[in-house]
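Q: Hi, could you walk me through this one with me? I'd like to go piece by piece.

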Amino acid sequence: MSETAAPTKTEQKRAINRLKSMYPLRNLVQQDYIDTLQASSEGKPTVWSMLNYWEGDLPLKAMGLNIVYPENYSTLLASTGTAEPFLDASDSDGFPTHMCGYGRSTIGYSYRMMKELGGKIPPEAPVGGMAKPTLLLGSGIICDARFKWFQALGRYFDAPQWCLEMPMMPTFEGSEPDLEEYQVKFLTREVKAFIEFLEKLLQKKMDWARLEELIDLAVRIHETTWQISELRQSVPGPMHSTDFWSSMPPSLFFAGDMKVALKLYQDMLSEVQDRVNNKVAAINYPEKYRIVFAELPPWHSLKFFDSLAEKGWNFVYESYGYHAPKPPDLNKTSDPCEKLARLARNFIFNIHEHARADNISNPLVEQYLRIARGFKVDGFFLHPLISCRAASAGLRSVQEFMLRKLDVPTLWVEGDIIDKRVFNPQETLARAEAFEQTMDHYRKVRQSKGLGW
Amino acid sequence: MAIAINKGLSLAHDIYEDRGRRVRELRKAGRKTIGYICLYPPVEIITALGMVPFRIFGNMSEPITLADQVSTTVVCPFLRSIIDLGMKGKFDFLDGVVGAHTCDIGAGIIIQWRDYVKDTPFTHLIDVPHTDHPPAVEYFAGQLNSFKRHLEEHAGQKLTDDKLKKAVELHNTQRRLVRQLYDLRKPDPPLLTSAENLEVMVALFSLPVEEGNDLLEDVIKQVSERSDRPGRKKARLLVWGPVFDNTSLFKLIESAGASVVVDDTCVGTRAFWADVKAPYDLQALAQRYLVDIKCPRTYRQAEPAETRRDYDKDLDSRFNYIRKAVVDWNVNGAVLQSVKYCDTHGYEVPNLRHYLDTLGIPSIYIEHDYSERSLAPIKTRVEAFVETLG
Ligand code: SF4
Ligand code: SF4
């Protein structure tokens, strides 16, 4: 990983070597916004949903519903610089300012739509906006904001609501005998109750065959994205974090047509495999440092990664919460509700299994230790957020364990997913320069300890 | 008018000032002590196994120093204060600690305790579902069963039905007595101040249930007979919000010219209003803790699986217990307080204020970072608010 010749002029144009297969995947999510607007204008039901790790997405899709995800929409507001007036609207309606930026921007959007524009989409909203919801689907996974903020939206919309369940516990309680079956039973009953609710709401029956078909597609999509992730361990890293973030919606919440998405991910797998075979890096500069980004990115300042790429920083992995794990074997059961329960539960509990094996109580830490070893990581870019507890709370532990156990240093850069005023790219670049010396130092330490990279 | 402090209140005050005092004594005498965080670990199971439950609070007057090394500043300062005190060895009299998934950040505290607060032989986290759906109640009963099994191992004894029944009766008695104590603030002026009341509540969380019940009987008798009552104030307020375990806020409000006559916080009514119903088994505990405790951390609907939603009906189904308190305690204003970064309470604020508006109850919302220092700037706002109620 030593530095070589300076880049040519053409190479300088693009510091990050984007995957061609990323673009059509990135575009798929746009279609959902357009389809939902169309459905709404035809008087058809539309759903606002939280990321729910698939237990809710697939029944909704099987019922033919059009879905948008306000969390995703908030990233659009941030990246297009249009979030601020919506945040102000949330504040002016009395919501505390310390809460999640995604929540506040959706609340402000809803306030503007319902209280100022009589139900019309705010004209300043990017990609045509989110159509008015006829169902709000909250989720109890990852953070409390994800069902409390939808409950709060009752203030603007009379749309019915549902909150999906997900068991949640730390590593060691998660090792009780029969726990998996007990949790699967709970989740299966919850999924069934949710489907009964949908049937009652829509006055039509679930198309079980369609649901089976979608579950099968989901498993194949996750198999493929998991294989892509595994390939990213190669040196030089073949896929940059920015490409991952741009292409994740069709696997994270199955944006777009799932058959199309599967084909596009298969294309991506071939392209990444090609790069691995030919040792092509994800940056157009010699890979000098292999970095992991944790957790949610500064959507408003993604260009910043170009500057780091120019310095030879290759972001080889990122954001555990956005990655679907290797799917479980669903052939144990023929009940589609149980299949969904197992698929969703797997997201949380597969990291617990690893943590137990390592005797570590914090699964997030374990996850990143494993990644640091597998991906031969030189440093972590930790991005604690002013408005998201869930993605920030464990980062000090990651920082501490990483150095203690693996001699991998971390760069701690405060920022936010929405509020760009908190993030200072200039200052961060200066700190990054100093951090390079730290990474160089610890590389020598690891080598002297025989850690393998 | 100065209030003479009588015996029961004086004992409560002493325990409030040194919460670990009695628990340390009992531990010396051979009893095991189990700390718990938030309201959701069922104290009945701890009591039934012969151990002393001790509710863990932070300390609003102690600056957070060590916790900054292991947690970020956007984590609820109440939880950060707990970890900070733990790292400083201030809970060294506990043989165990139990947490519950009351909120997602709260759940993570057990992980931090395991990693950074050393020498606690027993730790356990109870998963609490997010809804009160029937499958969730059943799942939660299963969680209580795992907790029971784990604590039995630690206690070296089995939890029999009989022991559980006796413990439930004792805790239900405590709840009944607390409700009686709150009745003493229904008259105008109330018979005790909210700061005195809070000291009693904090003492109850620091004593074995039998001793807490004795204390309550004593306090109720003494307060009912006292001649030196608090003076009459121009407003009768309700205080709402997450954990508030320090008398400073209540003193601040009372010095602004209002009485706090009732609350909806987890150091007050929220902890004591619901009884465990017969038969006193794990299912009944699951029902009491998940369904009957009214904390914003649980998602509730006016009707299960409702396909039409009406905002006013929704608010009434979630907050009508507050309406009842407003009527019963003759409340004419409300102070909504929350610790910063508490999502479960934060999202509730505009909706609850709207609900209070429909009841004709003016309200203010104040935010603090769980430190006495952060209350000072709030004083002027509280005074101005009380002024408007005159
Ligand atoms: S995980 Fe963070 S950003 Fe996402 S909804 Fe929760 S608080 Fe908001
Ligand atoms: S105050 Fe709020 S954030 Fe803190 S532990 Fe309680 S519910 Fe959780």
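A: Happily, and one term before we start: buried means under 20% relative accessible area, exposed over 50%, and partly exposed in between (1.4 Å probe, protein chains only). This is a predicted model, where local features need pLDDT of at least 70, side-chain atom pairs count only at pLDDT 80 or more, and totals for chains, interfaces and linings use all residues. Residues are numbered from 1 along each chain as its sequence is written, chains are lettered from A and ligands numbered from 1 in the order in which they are written, and side-chain values use heavy atoms, with hydrogens and water left out.

Q: Thanks! Which residues are buried in helix 15 of chain B?

A: In helix 15 (residues 349-358), those are V349(B), P350(B), N351(B), L352(B), Y355(B) and L356(B). Helices (H or I, at least four residues) and strands (E, at least two) are DSSP runs, numbered from the N terminus.

Q: And what do they pack against?

A: Helix 7 of chain A, together with strand 5, helix 13 (311-328), strand 7 (333-339), helix 14 (343-346) and strand 8 (363-368) of chain B. Contact here means heavy atoms within 4.5 Å.

Q: What follows helix 15 of chain B?

A: G360(B), with a positive phi near 75°.

Q: Over to chain A. How many residues of helix 6 are buried?

A: Twelve of the 16, so helix 6 of chain A is largely enclosed by the rest of the structure. Among them are R104(A), Y109(A) and M113(A). The buried residues pack against strand 1 (46-49), helix 4 (70-79), helix 5 (84-92) and helix 7 (145-152) of chain A.

Q: What about the span of helix 6 of chain A?

A: The expected span is 1.5 Å times one less than the number of residues. For helix 6 (residues 101-116) that gives 22 Å, and the end C-alpha atoms are 21 Å apart, which agrees. G118(A) follows this helix, and its phi is positive, near 55°.

Q: Now the ligands. What surrounds ligand 1?

A: The shell includes E71(A), Y102(A), R146(A) and W149(A), counting residues with a heavy atom within 4 Å. The shell of ligand 1 divides into nine nonpolar, no polar and two charged residues. Ala, Val, Leu, Ile, Met, Phe, Trp, Tyr, Cys and Pro count as nonpolar, Asp, Glu, Lys and Arg as charged, and the others, Gly among them, as polar.

Q: Which residues surround ligand 2?

A: C76(B), L79(B), C103(B), P242(B), V339(B), C342(B) and T344(B). That shell has six nonpolar residues, one polar and no charged.
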